[in-house]
Amino acid sequence: MTTTTVPADSAEARRRLADTLTADGALLPGSPWHRAFAETPREVFVPRFTLTGPDGRREVGPGTPGYLDAVYTDTTLTIRRDSAGTPVSSSSQPSLMARMLEAFTVPDHARILEIGTGTGYNTALLCHRLGADRVTTIDVDPDLTTTARERLAASGHNPLVLTGDGTQGHPEGAPYDGILATCGVDRLPSAWPQQVRPGGIIVTNIGNGVTILTVDEDGTAAGPFLTDDAMFMRARPEPGHTAPAANQFTGPVMNSTGKVRTEQPPVPADEIVHATAHEIWMLHHDVLAMTLHPDGTLVHGLVHPPTGSWARIIPDGDHVTVEHGGPRNLWAERLDLTAQWASAGRPGPGTYTLTVSAHGTHTLRRTGTAPMSWTL
Ligand SMILES: C[S@@+](CC[C@H](N)C(=O)[O-])C[C@H]1O[C@@H](n2cnc3c(N)ncnc32)[C@H](O)[C@@H]1O
């Protein structure tokens with residue numbers, strides 16, 4: 001059993017965090033989640049973590065000066081990385097957690113499934129509000145679930161903590177009143193709407209936003225996105241899985257030969273390559289972007305591993321020289337998507353809605369002054 005001593009001034013730090021979340025609008029006035037944040041010690045779930053700042057990464061633990069301040073800062077605390085160095089588990093940024101919990105509008109007696117137990121901190125907040133016997137949580141990584149189960153128990157909560165691929169849900173406990181996923185997905189797993197009762201809710205990160213989907217009688221899940229950008233660690237099919245990362249494809253992007261053209265894009269090349277627009281994330285979720293500095297020059301790259309398509313983009317003032325190969329012209333696609341999004345007034349995630357039919361067809365709609373829709 002993991003035992004963690006809660007420092008005396010934790011209560012004050014927690015209350016300050018809860019008040020700040022309310023003052024910043026992440027928690028609604030009079031929200032029941034305020035008490036949950038004020039009474040749940042985050043350091044129990046994140047005794048050690050990594051912070052990434054301008055000076056690189058630093059390990060933080062109970063002996064580190066300013067430890068409690070770091071725990072109660074509104075920031076993501078990373079606890080695990082894969083073999084490529086990509087973060088795969090963390091305690092998410094509290095303001096984002098708070099916004100998702102507020103969006104997860106389930107009644108007090110609701111039975112819910114959380115996907116992505118991680119440290120167990122968000123699970124503890126859910127247990128605080130709903131009661132542990134109504135909470136099931138699942139993480140793909142057995143080390144994480146073992147530790148989270150112990151830490152939850154040490155905090156007085158005994159929810160059902162399961163190990164497995166949460167994209168399959170947990171059919172034995174269905175139907176749920178709601179599913180809250182704290183790992184990101186590129187498309188809504190079909191199991192989730194199937195395991196939520198009609199009128200129930202699914203809150204999850206898709207693309208660069210958090211969607212709030214209500215499940216209909218016929219199994220359609222539909223709803224809006226929160227206004228803020230949000231990018232969670234992606235769901236992994238198994239604990240040892242290493243997701244394709246851009247730095248694995250620098251060789252092909254730098255050394256391949258293909259069709260060459262020079263043009264003057266209407267948007268700066270780095271904005272096109274490193275697009276954060278929600279609609280681009282939704283449509284180009286499996287295109288990887290990179291920026292390299294071989295011999296001191298600036299080179300951008302795009303790659304689509306499933307088709308082997310690639311593009312090498314060399315900026316020169318307001319022009320770019322683009323060389324590309326493979327079945328997809330990634331640069332032309334990305335340029336087109338970025339130009340469309342820019343001419344729509346650069347809308348944020350809150351401008352979109354998502355409908356997922358019972359057969360899994362995803363329809364993304366851009367609302368507002370420049371409406372548009374895509375079948376994904
Ligand atoms: C951002 S962290 C979750 C943060 C967590 N809610 C907390 O409060 O600490 C994302 C978590 O999703 C988990 N995860 C990734 N793929 C998963 C999957 N297929 N099923 C369940 N959990 C998964 C990761 O192991 C990681 O712990």
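Hi everyone, let's start with the overall layout: the protein is divided into domain 1, residues 10–224, and domain 2, residues 246–343. Before I go on, please keep in mind that this is a predicted model. The C-alpha centres of the two domains, domain 1 and domain 2, lie 34 Å apart. Where they meet, four residues of domain 1 are in contact with five residues of domain 2. And what is the make-up of the side of domain 1 that touches domain 2? It has three polar residues and one charged residue, with no nonpolar ones.

Let's move to the sheets. Ten strands form an open sheet, and the order is β7-β6-β5-β8-β9-β10-β11-β17-β18-β19. The pairing in this ten-stranded sheet is mixed. Which strands stand at its edges? Those are β7 and β19, the latter covering 372–375. Each of them has a single partner strand, so one side of each is left without a neighbour in the sheet. On average, neighbouring strands here are turned by 15° against each other, ignoring direction.

If you look at the β19 end, strand β18, residues 362–366, runs antiparallel to β19, and four bridges join them. Within that pair, Leu 364 stands opposite Trp 374 in β19. At the β7 end, have a look at helix α7, residues 142–154, which lies across β6 and β7. Its direction is at about 170° to β7.

While we are at β7, there is a backbone detail to point out. Pro 175 is in the loop between β7, 160–163, and β8, 176–181. The peptide bond leading into this proline, from Ala 174 to Pro 175, is cis, with omega near 0°. As a reminder, most peptide bonds are trans, and most residues other than glycine have a negative phi. We'll come back to phi in a moment.

Now for the second sheet. This one is an open sheet of five strands in the order β12-β16-β15-β14-β13, and the pairing is antiparallel. At the edges we have β12, residues 259–263, and β13, each with a single partner strand, so one side of each is left without a neighbour in the sheet. In this five-stranded sheet, neighbouring strands are turned by 20° against each other on average, again with direction ignored. The partner of β13 is β14, and the two pair in the antiparallel sense over five bridges. As one example, Met 290 has Gly 301 in β14 as its bridge partner. Helix α12 lies across β14, β15 (309–316) and β16 (319–325), and runs at about 65° to β15.

Let me pick one residue from this sheet, Thr 321, which sits in strand β16. Not counting residues up to four places away in sequence, Thr 321 touches Val 260, Thr 262, Ile 314 and Asp 316. Thr 321 counts as partly exposed because 14 C-beta neighbours lie inside 10 Å. For a sense of distance, Thr 321 and Ile 201 are 120 residues apart in sequence, and their C-alpha atoms are 47 Å apart in space.

Back to phi, as promised. Asp 295 has a positive phi of about 50° although it is not a glycine. Where does Asp 295 lie? You'll find Asp 295 in the loop between β13, 288–292, and β14, 299–304. Is Asp 295 buried or exposed? Asp 295 counts as exposed, because 5 C-beta neighbours lie inside 10 Å. Arg 346 is another non-glycine residue with a positive phi, near 55°. Its place is in the loop between α12, 330–343, and β17, 352–356. Arg 346 is exposed too, with 10 other C-beta atoms within 10 Å.

Finally, the ligand. Of the 25 residues around it, Gly 116, Gly 118, Asn 122, Gly 166 and Cys 183 come nearest. Which elements give two or more residues to this shell? They are β4 (87–91), α6 (121–130) and β6 (135–139). The largest share, four residues, comes from β4. Sorted by class, the shell around the ligand has ten nonpolar, eleven polar and four charged residues.

That's my tour, thanks for listening!

Key: Residues are numbered from 1 along each chain as its sequence is written. This is a predicted model: local features need pLDDT of at least 70, side-chain atom pairs count only at pLDDT 80 or more; totals for chains, interfaces and linings use all residues. A residue is buried if 20 or more other C-beta atoms lie within 10 Å of its own, exposed if 12 or fewer, and partly exposed in between; C-beta atoms are placed from the backbone. A residue is near a molecule or strand if its C-beta atom, placed from the backbone, lies within 6 Å of it. Ala, Val, Leu, Ile, Met, Phe, Trp, Tyr, Cys and Pro count as nonpolar, Asp, Glu, Lys and Arg as charged, and the others, Gly among them, as polar. Two strands pair if DSSP finds at least two bridges between them. Axes are lines fitted to C-alpha atoms, for helices over the stretch in contact, and angles run from 0 to 180 degrees between N-to-C directions. Two residues are in contact if their C-beta atoms, placed from the backbone, lie within 7 Å. Domain bounds come from an automatic or database domain assignment.
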